[in-house]
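Q: I would like a close look at one part of this protein, taken slowly and with its surroundings in view.

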Amino acid sequence: MSHGSTTATTHRLAQALAFPSSDPLTGRIVEHLWEEVVAGVLEPGDRLPTVRELAVALGTTPRTVERAFEALERLGVVATRAGEGTFV
(Lines give C-alpha, C1' and ligand atoms only; values in the text may rest on other atoms or scores of the structure.)
Protein backbone atom coordinates (compact mmCIF):
# COMPACT_ATOMS: atom_id res chain seq x y z
CA MET A 1 0.00 0.00 0.00
CA SER A 2 1.31 3.43 -0.92
CA HIS A 3 1.94 6.10 1.67
CA GLY A 4 1.60 8.74 -1.00
CA SER A 5 -1.61 10.52 0.00
CA THR A 6 -1.39 14.21 -0.77
CA THR A 7 -1.88 15.16 2.89
CA ALA A 8 0.88 12.81 4.05
CA THR A 9 3.18 13.99 1.27
CA THR A 10 2.59 17.62 2.20
CA HIS A 11 3.25 16.89 5.87
CA ARG A 12 6.48 14.94 5.19
CA LEU A 13 7.76 17.62 2.84
CA ALA A 14 6.97 20.44 5.27
CA GLN A 15 8.78 18.57 8.07
CA ALA A 16 11.81 17.81 5.91
CA LEU A 17 12.13 21.42 4.76
CA ALA A 18 11.47 23.02 8.15
CA PHE A 19 15.17 23.18 8.93
CA PRO A 20 17.11 26.22 7.72
CA SER A 21 19.36 25.68 4.75
CA SER A 22 21.39 27.80 2.39
CA ASP A 23 20.25 25.57 -0.51
CA PRO A 24 17.50 26.97 -2.76
CA LEU A 25 14.02 25.78 -1.76
CA THR A 26 13.18 24.61 -5.28
CA GLY A 27 16.13 22.23 -5.25
CA ARG A 28 15.27 20.98 -1.78
CA ILE A 29 11.70 20.19 -2.89
CA VAL A 30 13.01 18.32 -5.95
CA GLU A 31 15.53 16.37 -3.88
CA HIS A 32 13.01 15.37 -1.21
CA LEU A 33 10.36 14.20 -3.68
CA TRP A 34 13.00 12.39 -5.77
CA GLU A 35 14.21 10.56 -2.64
CA GLU A 36 10.64 9.56 -1.75
CA VAL A 37 10.14 8.07 -5.21
CA VAL A 38 13.46 6.18 -5.09
CA ALA A 39 12.66 4.88 -1.58
CA GLY A 40 9.21 3.71 -2.70
CA VAL A 41 7.37 6.07 -0.35
CA LEU A 42 5.79 7.64 -3.42
CA GLU A 43 4.80 5.10 -6.04
CA PRO A 44 3.89 5.34 -9.71
CA GLY A 45 0.38 6.72 -10.02
CA ASP A 46 0.45 8.59 -6.70
CA ARG A 47 -1.00 12.10 -6.98
CA LEU A 48 1.09 14.93 -5.58
CA PRO A 49 -0.43 17.84 -3.67
CA THR A 50 -1.44 20.84 -5.75
CA VAL A 51 1.01 23.67 -6.27
CA ARG A 52 -1.12 25.91 -4.06
CA GLU A 53 -1.36 23.31 -1.25
CA LEU A 54 2.41 22.88 -1.15
CA ALA A 55 3.11 26.60 -1.42
CA VAL A 56 0.86 27.35 1.56
CA ALA A 57 2.25 24.45 3.62
CA LEU A 58 5.85 25.46 2.90
CA GLY A 59 5.28 29.19 3.26
CA THR A 60 6.58 29.92 -0.22
CA THR A 61 5.27 31.15 -3.54
CA PRO A 62 3.39 28.93 -5.98
CA ARG A 63 6.10 29.70 -8.56
CA THR A 64 8.74 28.01 -6.37
CA VAL A 65 6.67 24.82 -6.27
CA GLU A 66 5.91 25.08 -10.01
CA ARG A 67 9.65 25.25 -10.74
CA ALA A 68 10.23 22.14 -8.61
CA PHE A 69 7.45 20.22 -10.38
CA GLU A 70 8.83 21.34 -13.77
CA ALA A 71 12.29 20.06 -12.81
CA LEU A 72 10.84 16.73 -11.68
CA GLU A 73 8.90 16.49 -14.93
CA ARG A 74 12.09 17.08 -16.95
CA LEU A 75 13.71 14.26 -14.94
CA GLY A 76 10.82 11.94 -15.81
CA VAL A 77 9.77 11.56 -12.17
CA VAL A 78 6.33 13.16 -12.45
CA ALA A 79 3.78 13.97 -15.12
CA THR A 80 1.26 16.79 -14.99
CA ARG A 81 -2.14 16.24 -16.56
CA ALA A 82 -4.15 19.42 -17.17
CA GLY A 83 -7.19 19.55 -14.92
CA GLU A 84 -6.18 16.39 -13.04
CA GLY A 85 -2.96 17.15 -11.19
CA THR A 86 0.63 16.02 -10.96
CA PHE A 87 1.38 12.29 -10.62
CA VAL A 88 4.46 10.16 -9.97
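Which elements are among those that cover the buried residues of α2?

A: In this predicted model, the cover over the buried residues of α2 includes α1, α3 and α4, the last of these spanning residues 62-74. The helix α2 itself has 14 residues and reaches 20 Å from its first C-alpha to its last, close to the 20 Å expected at 1.5 Å a residue. Its buried residues are T26, R28, I29, V30, H32, L33 and E36, and beyond its end comes G40, with a positive phi near 85°.

Turning to the neighbours, α1 (residues 6-16) has T9, T10 and L13 buried; viewed down the axis of α1, its buried residues fall within an arc of 100°, so they line one face of that helix. The general reason is that an α-helix has 3.6 residues a turn, so residues three or four places apart point the same way. The covering is shared, since what lies over the buried residues of α1 includes α2 (25-38) as well as α3 (51-58).

The largest nonpolar core has 18 residues, and those touching the most other members are L13, I29, L33, L48, V65, F69 and L72. To this core α2, α3 and α4 each supply at least two residues, while α4 gives the most, with 5 residues. Leaving aside residues up to four places away in sequence, L72 touches V30, L33, W34, V77 and V78, and of these contacts V30 and L33 are also among the buried residues of α2.

Technical notes:
Residues numbered from 1 in each chain as written. Predicted model: local features only at pLDDT ≥ 70, side-chain atom pairs only at ≥ 80, totals over all residues. Heavy atoms only, no water. Buried < 20%, exposed > 50% of the residue type's maximum accessible area, 1.4 Å probe, protein only. Helix = DSSP H or I, 4+ residues; strand = E, 2+ residues; numbered from the N terminus. Arc of directions from axis to C-beta. Contact = heavy atoms within 4.5 Å. Expected span 1.5 Å × (residues − 1). Core = buried A, V, L, I, M, F, W, Y, C linked by side-chain atoms within 4.5 Å.
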